[in-house]
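Colleague: I'd love a close look at a single part of this model, please. Pick one element, and walk me through its faces, its ends and its neighbours.

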Amino acid sequence: MTIAVLALQGAFAEHGQVLDRLCVDHFEIRQKKDMEKPFDGLIIPGGESTVMGKLLLESELLKPVQDKILSGMPVFGTCAGLILLAKEVEGGQSHLGTMDIRVKRNAYGRQLGSFYTEQEFKGLGTIPMTFIRAPYIVDVSGSTQILAKVDGKIVAAREGNQLVTAFHPELNENLSVHQYFLDMISHSSTL
């Protein structure tokens, strides 16, 4: 199994470190030609969603990434990655727009609104969650499943082969969310 990590901006290196710990092959996507390499799943990291959206357009990666996701490529978006995948964005614009969710950007305020908690994640039990200038999911539609909530707000969801978290699992020692994504890929490849 090989995972591609979108490396235009944000916490892509930290996702690579988690994949190293899980002994999973991975590489970074920085330009359009990187999309030609074979891979089984894509991680879109946290960072600044507006900047990442702009860089996706400038590097001519927006359409190829969107096409891969729409054709069933498993994708995992954290924080800004969640925003990029959302069909509706309050206080911003939709970029990839592949997932039936409506999100609120910077929902917890600025950097000072960052926090850590431990909450229930469906199928994984209680896990650590680190939020940094995080969004949250206002609403889900279609076949989207809610996987976790914090203080009544949706912070993780899944729709088919798309997984999103408002928090940064790559910033904690717990590997269970990344393993959940890898299991999604294994299951999707056996269908």
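Modeller: Happy to! Buried means under 20% relative accessible area, exposed over 50%, and partly exposed in between, with a 1.4 Å probe and protein chains only. This is a predicted model, in which local features need pLDDT of at least 70 and side-chain atom pairs count only at pLDDT 80 or more, while totals for chains, interfaces and linings use all residues. Residues are numbered from 1 along each chain as its sequence is written, and side-chain values use heavy atoms, without hydrogens or water.

Let's take helix α2, residues 49-58 (helices are DSSP runs of H or I, at least four residues, and strands of E, at least two, numbered from the N terminus). Its buried residues are S49, M52, G53 and L56. Seen down the helix axis, the buried residues of α2 fall within an arc of 100°, so they line one face (the arc is that of the directions from the axis to the C-beta atoms). An α-helix has 3.6 residues a turn, so residues three or four places apart point the same way. On the other side of α2, K54 and E58 are exposed.

Now the ends. At the N-terminal end, E48 acts as a cap of α2, with a side-chain oxygen 3.1 Å from the backbone nitrogen of T50. After α2 comes E60, whose phi is positive, near 60°.

What lies over the buried face? The cover of the buried residues of α2 includes β1 (2-6), β3 (41-44), α3 (62-70) and α4 (80-85).

Of these neighbours, β1 is itself mostly covered, with four of its five residues buried. Strand β1 runs parallel to β2 (residues 25-29), and five bridges join them (two strands pair if DSSP finds at least two bridges between them). A4 has F27 of β2 as its bridge partner. Between β1 and β2 the chain passes through helix α1 (residues 12-21), giving a right-handed β-α-β crossover; in other words, with the strands pointing away from the viewer, the path from the first strand over the helix to the second runs clockwise. Strand β1 also pairs with β3 in the parallel sense, over three bridges, and there I3 stands opposite G41.

For the wider setting, the chain has five helices and 12 strands. Buried residues make up 52% of its 191 residues, and its C-alpha atoms fill a box of roughly 40 × 30 × 30 Å along the principal axes.

Note on methods: Contact means heavy atoms within 4.5 Å. A polar contact is a pair of N or O atoms within 3.5 Å; within protein, one must be able to donate a hydrogen and the other to accept it, and residues adjacent in sequence count only if both atoms are side-chain atoms.
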